[in-house]
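Colleague: I would like to learn how to read rings, sheets and buried side chains in a model. Can we go through one case together?

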Amino acid sequence: QVQLVESGGGLVQPGGSLRLSCVASGSIRSISAMAWYRQTPGNLRELVAGITNGGSTNYAEPIKGRFTITRDNDKNTIYLTMNDLKPEDTAVYYCTAEILVERWSDYWGQGTQVTVSS
């Protein structure tokens with residue numbers, strides 16, 4: 001059994017910062033790519049940022065220069081540092097990872113709410 005648990009969401013004013021964490025646990029043999037997605041009501045889940053196990057990253061255009069994804073392989077954890085937050089960043093943020101248990105599969109966390117409002 002594998003679990004991904006996100007934390008760090010909350011309410012922040014425009015221009016503020018938050019740091020999200022996602023920890024993978026369970027019968028994990030290896031983890032490949034990990035990523036953050038976000039979703040707002042009535043919309044599809046969209047990629048925010050991704051990171052390989054080698055540390056290569058990619059970012060969605062709307063958040064480039066404001067968000068940073070990092071990874072601690074020893075802790076099976078990724079982080080999303082979000083600066084200069086805007087109201088349009090309000091969403092539920094989900095962590096996902098490609099994990100080897102008996103075979104490679106994609107796993108998702110339950111999500112953490114980020115609300116940017118004055």
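Modeller: We take the aromatic pair, the charges over rings, one sheet and two buried residues in turn.

Colleague: What kind of model is this, and how are residues numbered?

Modeller: This is a predicted model: local features need pLDDT of at least 70, side-chain atom pairs count only at pLDDT 80 or more, and totals for chains, interfaces and linings use all residues. Residues are numbered from 1 along each chain as its sequence is written, and side-chain values use heavy atoms, with hydrogens and water left out.

Colleague: How is a pair of aromatic rings described?

Modeller: By the distance of the centres and the angle of the planes. Rings of Phe, Tyr and Trp (its six-membered ring) pair if their centres lie within 6.5 Å; planes under 30 degrees apart count as stacked, over 60 as edge-to-face and the rest as tilted. Here the count is one aromatic pair. Tyr-37 and Trp-108 have ring centres 5.1 Å apart and planes at 65°, so the pair is edge-to-face.

Colleague: Which strands hold Tyr-37 and Trp-108?

Modeller: Strands are DSSP runs (E, at least two residues), numbered from the N terminus. Tyr-37 lies in strand E4 (residues 30–39) and Trp-108 in strand E10 (residues 104–108), so the pair ties together parts 71 residues apart in sequence.

Colleague: Are these two residues buried or exposed?

Modeller: Buried means under 20% relative accessible area, exposed over 50%, partly exposed in between (1.4 Å probe, protein chains only). Tyr-37 is partly exposed at 23%. Trp-108 is partly exposed too, at 37%.

Colleague: Which charges lie over the face of a ring?

Modeller: The test is NZ of Lys or CZ of Arg within 6 Å of the ring centre and within 35 degrees of the ring normal. Arg-45 lies over the face of Trp-108, 4.8 Å from the ring centre. Arg-19 lies over Tyr-79, at 4.0 Å.

Colleague: Now the sheet. In what order do the four strands run?

Modeller: Two strands pair if DSSP finds at least two bridges between them. The open sheet has the order E1-E3-E8-E7, with antiparallel pairing. Its edge strands are E1 (2–7) and E7 (67–72), each pairing on one side only.

Colleague: How many bridges join E1 to E3, and E3 to E8?

Modeller: Six bridges join E1 to E3 (residues 18–26). Val-2 stands opposite Gly-26 there. Six also join E3 to E8 (residues 77–82). Cys-22 has Ile-78 in E8 as its bridge partner.

Colleague: What surrounds Thr-77?

Modeller: Contact means heavy atoms within 4.5 Å. Leaving aside neighbours within four places in sequence, Thr-77 is in contact with Cys-22, Val-23, Thr-70, Arg-71 and Asp-72. Thr-77 is in strand E8 and is buried, at 4% relative accessibility.

Colleague: And where is Asp-89?

Modeller: Asp-89 sits in the loop between E8 and strand E9 (91–100). Asp-89 is buried, with a relative accessible area of 0%. Beyond four places in sequence, its contacts include Arg-38, Ile-63 and Val-116.
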